[in-house]
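The following note sets out several points on the model for a colleague's consideration. Please read each point alongside the coordinates.

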Amino acid sequence: MTPAAPTAWPADTARLLEPSISYALGAALAVTPELLARPTPCRKWDLRMLLRHACESLAAFGEGIEAGRVGLDPAAEDADLTADPARAFRERASQLLAACTGPGRQRQVVEIASCPRAADVLAATAALEVAVHGWDISRACGRCRPIPGALAVDLLAIARVLVPRTNRHPLFAAPLPVAATADPSDRLAAFLGRYPGIAPMPGH
């Protein structure tokens, strides 16, 4: 078991949003109503709960990019999210993709709960969360589609900066060891406390 060597924070993290969203959208195509009760790699969440959480995150990231601010309170849950969380996820992911190529894309600062933050940090966080939850969705659906290699390399560099190795609870489980031959997608999953080589296990 060998830890991956650290890599530099990627330049222009906003460019990672499009491939991250595209990957997650592809993963969500496998969701059917019959699968919504399936377990996921996220602790205590079935697929329906994961999709609802991911939709809330997508809405918050979209608000940050378009309006330049993110509030603490999640938006009210709409009927589509309750009735068809997979469709709601695809729609909100598509909306975020449109936002990240629109005028708000050029913002330098975003207010998060009234605190200014660099827009590239928001973009990096969004890309990481969207892609990893796409990976979770794929695992829950039994597809196990890896995150594309180059994207996973950049997201792992981001994760090493944004996610601490200790005191992660309740957001993430502790990092897991991986084989020296593990691909970038598996390295990213393991760093975030997910079990890349087997069926979905606890560890959000």
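1. Buried residues, meaning those under 20% relative accessible area (exposed is over 50%, partly exposed in between; 1.4 Å probe, protein chains only), make up 44% of the 204 residues in the chain. This is a predicted model, in which local features need pLDDT of at least 70 and side-chain atom pairs count only at pLDDT 80 or more, while totals for chains, interfaces and linings use all residues. Residues are numbered from 1 along each chain as its sequence is written, and side-chain values use heavy atoms, with hydrogens and water left out.

2. The chain contains seven helices and three strands, where helices (H or I, at least four residues) and strands (E, at least two) are DSSP runs numbered from the N terminus. Their order from the N terminus is α-α-β-α-α-β-β-α-α-α. Of the contacts (heavy atoms within 4.5 Å) between residues at least 6 apart in sequence, 73% join residues at least 24 apart.

3. The largest nonpolar core, a set of buried Ala, Val, Leu, Ile, Met, Phe, Trp, Tyr and Cys residues joined through side-chain atoms within 4.5 Å, has 57 residues, and L47 and L155 touch the most other members. Elements giving two or more residues to this core are α1 (17–28), α2 (47–67), α4 (85–99), α5 (119–140), α6 (149–162) and α7 (184–191). Helix α5 gives the most, with 13 residues. Leaving aside residues up to four places away in sequence, L155 touches L16, S20, A127, L128, A131, I147 and L188.

4. Where do the salt bridges (a side-chain nitrogen of Lys or Arg within 4 Å of a carboxyl oxygen of Asp or Glu) occur, given that the count comes to two? One joins D154 and R15, with the closest N and O atoms 3.1 Å apart. D154 lies in helix α6 and R15 in the segment before α1, so this pair ties together parts that are 139 residues apart in sequence. D154 is buried at 17% relative accessible area, whereas R15 is partly exposed at 40%.

5. The other salt bridge links R194 and D136 (2.7 Å, N to O). Because R194 lies in the segment after α7 and D136 in helix α5, the pair ties together parts that are 58 residues apart in sequence. Both R194 and D136 are buried.

6. No disulfides (a pair of cysteine sulfur atoms within 2.5 Å) are found in the whole structure. The cysteines C42, at 2% relative accessible area, and C55, at 0%, are buried.
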